[in-house]
Amino acid sequence: MQELPPTVKLVAVSKYHSEEEISEAYEAGQRIFAESRPQEFEKKVRNLPDDIQWHFIGHLQTNKLKMVLPYAGLIHSVDSLHLIQEIDKWGKENGRTVNILLEMHIASEETKQGFYEEEILDIMFDSRKFANVRICGLMGMATNTDDEETVETDFRRISSFFEYLRDLFPEMEEFKELSIGMSGDWRTAIRHNATMVRIGTAIFGERNYSK
């Protein structure tokens, strides 16, 4: 992924891939990896090098927090107020501040999860209530389509709202990450000011679900 500009972090999506495959990418210099299943995440964290920066990108259930939060440097997929509250509660109990991204619903599919703009605004205005949560930016997934204009529209929407929030909350210096773009649309995401792209297939090849 030498085409990435230096301002964009490469998050290698290693879910469903073996520890051996992750080790190969690690030896090649990759340091940020992302998982989406808590059990798999916890196992890999314990077995792989300590200097890996682990991100969690899957839907996170509140009863699985203890399997993820002790190890994740960033949670990309925070999609409900209840989840924020439970993460904050875990942080208080464990003396930790947890870095999160708010997942924004930008795709046309209703099955996609995430907040709408008004909900994100409410959370941002109330963010001081969550002393053990650090809101570091937004995450979004574009519509699953080959129509490039639709993807452009999705990314334009989240990028514009991200910049609006940065202007509205200049005191939140940690609010600086825009996680958009995957193997099929990362170039489009970069044109819309992504600071992180989540790449799996382009690094590891097709997923092996039997592993």
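These notebook entries record what I looked up in the structure above, a predicted model.

**Entry: the whole chain**

I began with the secondary structure and found that the protein chain has eight helices and eight strands. I then turned to its dimensions: the C-alpha trace spans about 45 × 45 × 30 Å along its principal axes. For 211 residues, a compact globule would have a radius of gyration near 17 Å, and since the protein chain has 17 Å, I noted that the two agree.

I also looked up how much of the chain is covered, and 52% of the 211 residues count as buried. The exposed area of the protein chain comes to about 10,600 Å², with carbon and sulfur atoms supplying 45% of it. Among the contacts with a separation of 6 or more, 59% are accounted for by residues 24 or more positions apart. For the charges, I noted 25 positive and 37 negative ones, whose mean positions lie 5 Å apart.

**Entry: helix α1 and what follows**

Which residues of α1 are buried? I listed E19, I22, A25 and Y26 as buried in this helix. Seen down the axis of α1, these buried residues fall within an arc of 120°, so they line one face of the helix. The background I wrote beside this is that an α-helix has 3.6 residues a turn, so residues three or four places apart point the same way. On the other side of α1 I found E20, E24 and E27, which are exposed.

I next looked up the partners of the buried residues of α1, and they pack against β2, α2 (38-47), β3 (53-56) and α8 (201-204). After the helix comes G29, whose phi is positive, near 110°.

**Entry: E35 in strand β2**

Having met β2 as a partner of α1, I looked at E35, which lies in this strand, residues 32-35. Is E35 buried or exposed? At 0% relative accessibility, E35 counts as buried. Leaving aside neighbours within four places in sequence, I found E35 in contact with S14, K15, I22, E40, F41, K44, W54, H55, F56, I57 and G58. One of these contacts, I22, is also among the buried residues of α1.

**Entry: helix α5**

I treated α5 (residues 117-125) in the manner of α1, and here E117, I120, L121, I123 and M124 are buried. They cover an arc of only 165° around the axis, which puts them on the same side of α5. The face turned away from that buried side carries the exposed residues E118, D122 and F125. What do the buried residues of α5 pack against? I noted α4 (81-94), β5 (98-103), β6 (133-139) and α6 (148-168) as the elements that they meet.

**Entry: I106 and T150**

I106 is found in the loop between β5 and α5, and at 3% relative accessibility it counts as buried. Apart from its neighbours within four places in sequence, I106 is in contact with G140, M141, A142, D154, F155, R157 and I158. I also looked up its separation from T153, which is 47 residues away in sequence and 9.0 Å away in space, C-alpha to C-alpha.

For another pair 47 residues apart in sequence, T150 and E103, the C-alpha to C-alpha separation in space is 19 Å. T150 is found in helix α6 and, at 25% relative accessibility, counts as partly exposed. Not counting residues up to four places away in sequence, T150 touches T143 and T145.

**Entry: two positive phi values**

Most residues other than glycine have a negative phi, so I wrote down two residues that depart from this. Y16, which is not a glycine, has a positive phi of about 70°, and I located Y16 in the loop between β1 (9-13) and α1 (19-27). With a relative accessible area of 17%, Y16 is buried, given that the cut-off for buried is under 20%.

Where is N193 found? N193 sits in the loop between α7 (186-191) and β8 (196-199), and its phi is near 70°, again a positive value in a residue other than glycine. Its relative accessible area is 43%, and N193 is therefore partly exposed, whereas Y16 is buried.

How values were computed. Residues numbered from 1 in each chain as written. Predicted model: local features only at pLDDT ≥ 70, side-chain atom pairs only at ≥ 80, totals over all residues. Heavy atoms only, no water. Helix = DSSP H or I, 4+ residues; strand = E, 2+ residues; numbered from the N terminus. Rg over C-alpha atoms; globule rule 2.2 N^0.38 Å. Buried < 20%, exposed > 50% of the residue type's maximum accessible area, 1.4 Å probe, protein only. Contact = heavy atoms within 4.5 Å. Areas by Shrake-Rupley, 256 points an atom, 1.4 Å probe, with all protein chains shown as cover. Lys, Arg positive; Asp, Glu negative; His and termini not counted. Charge placed at Lys NZ, Arg CZ, Asp CG, Glu CD. Arc of directions from axis to C-beta.
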